[in-house]
Amino acid sequence: MTTIVTEVELKDGAEREWDAIMAARMKEAKKRSGWVGGQLLASEEDHKKRVIVGTWKSRADWEEWHQDPLFEETRRQLDALVNGAERHGWYEVLLDVRKSRTAASSTRSRA
């Protein structure tokens, strides 16, 4: 599994609209092959900062989602509501632990 963490800074007053568009996008991503899960985070210190955490089975699954016309449309909508470029980083999931017993898993062992 792989996780992408994306940070954005919203324009003044854009929080509610951006959050709604992103929630709809994540609802659609949930239907995609390879989607594992995601979170939308709001900073406690800066009300304009958002962090998106998306976990996919593979980076190829994420890239395929980015070719979808729905993704492209929401990209245009979201871009109009942010200041500057988004920042993101990729992370290999070494361990995924959740309360549900069926969701807890180790994805890779280290020697």
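Trp-90 has a relative accessibility of 22%, so this residue counts as partly exposed, the cut-off for buried being under 20%. In this predicted model, Trp-90 is found in strand E4, which spans residues 82–92. Setting aside the neighbours within four places in sequence, Trp-90 is in contact with Thr-2, Thr-3, Ile-4, Arg-59 and Trp-62. If you look for Leu-78, 12 residues away from Trp-90 along the chain, you will find that the C-alpha atoms of the two are separated by 21 Å.

Let us follow one of those contacts, Trp-62, to another tryptophan. Trp-56 is in contact with Trp-62 as well, and its other contacts beyond four places in sequence include Met-1, Thr-2, Ala-29, Trp-35, Val-36 and Trp-65. Polar and charged residues also appear among the contacts of Trp-56, including Arg-32, Ser-33 and Asp-61.

Trp-56 leads us into the nonpolar core. In soluble globular proteins, nonpolar side chains tend to be buried together. Here the largest nonpolar core has 18 residues, and Trp-18, Met-22 and Trp-56 are the ones with the most contacts inside it. At least two residues of this core come from each of E1, H1, E3, H2 and H3. Helix H1 supplies the largest share of the core, with 5 residues.

What empty space is left around these elements? Rolling a probe the size of a water molecule over the atoms shows where such space remains. The largest pocket holds about 270 Å³, and 18 residues line it. Nearest the centre of this pocket are Arg-25, Ile-52, Trp-62, His-66 and Phe-71, so you meet Trp-62 again here, the residue in contact with both Trp-90 and Trp-56. Two or more lining residues come from each of strand E1 (2–10), helix H1 (15–29), strand E3 (49–56), helix H2 (59–65), helix H3 and strand E4 (82–92). Sorted by class, the pocket lining has 11 nonpolar, 4 polar and 3 charged residues.

There is also 1 cavity of 30 Å³ or more. This cavity contains about 40 Å³ of space, and its lining is made up of Val-8, Trp-18, Met-22, Arg-25, Ile-52, Arg-75, Leu-78, Val-82 and Glu-86. Helices H1 and H3 and strand E4 each give two or more residues to that lining, with H1 providing the largest share, 3 residues. The classes here are 6 nonpolar, no polar and 3 charged residues. Trp-18 and Met-22, which line the cavity, are also among the residues with the most contacts inside the nonpolar core. Arg-25 and Ile-52 line the cavity and lie among the residues nearest the centre of the largest pocket.

Arg-25 brings us to a residue in helix H3. Thr-74 is found in that helix, which covers residues 69–79. Is Thr-74 buried or exposed? Thr-74 counts as buried because its relative accessibility is 7%, and its contacts beyond four places in sequence are Ile-21 and Arg-25.

Now for the charged residues. Side chains of opposite charge can pair when their charged atoms come close. The model has 12 salt bridges, and three of them are worth a visit with the viewer open. In one, the side chains of Glu-7 and Lys-49 meet with an N to O distance of 3.2 Å. Glu-7 sits in strand E1 and Lys-49 in strand E3, 42 residues apart, and the pair links these distant parts of the chain. Glu-7 has a relative accessibility of 28% and is therefore partly exposed, and Lys-49, at 28%, counts as partly exposed too.

Another salt bridge joins Glu-9 to Lys-48, with the closest N and O atoms 3.8 Å apart. Glu-9 belongs to strand E1, while Lys-48 lies in the loop between strand E2 (35–42) and E3, 39 residues away. Glu-9 is partly exposed at 31% relative accessibility, whereas Lys-48 is buried at 16%. These two residues also take part, together with Asp-12, in a network of salt bridges.

The remaining stop is the salt bridge between the side chains of Asp-19 and Arg-50, 2.8 Å from N to O. Because Asp-19 lies in helix H1 and Arg-50 in strand E3, this pair ties together parts that are 31 residues apart in sequence. Asp-19 is partly exposed, with a relative accessibility of 24%, whereas Arg-50 is buried at 6%.

Methods
Residues numbered from 1 in each chain as written. Predicted model: local features only at pLDDT ≥ 70, side-chain atom pairs only at ≥ 80, totals over all residues. Heavy atoms only, no water. Helix = DSSP H or I, 4+ residues; strand = E, 2+ residues; numbered from the N terminus. Buried < 20%, exposed > 50% of the residue type's maximum accessible area, 1.4 Å probe, protein only. Contact = heavy atoms within 4.5 Å. 1 Å grid on protein atoms, 1.4 Å probe; cavity = no way out; pocket = protein on both sides within 12 Å on 5 of 7 lines; lining within 4 Å. Points joined across faces, edges and corners; volume = space filled by probe spheres on them. Salt bridge = Lys/Arg side-chain N within 4 Å of Asp/Glu carboxyl O. Core = buried A, V, L, I, M, F, W, Y, C linked by side-chain atoms within 4.5 Å.
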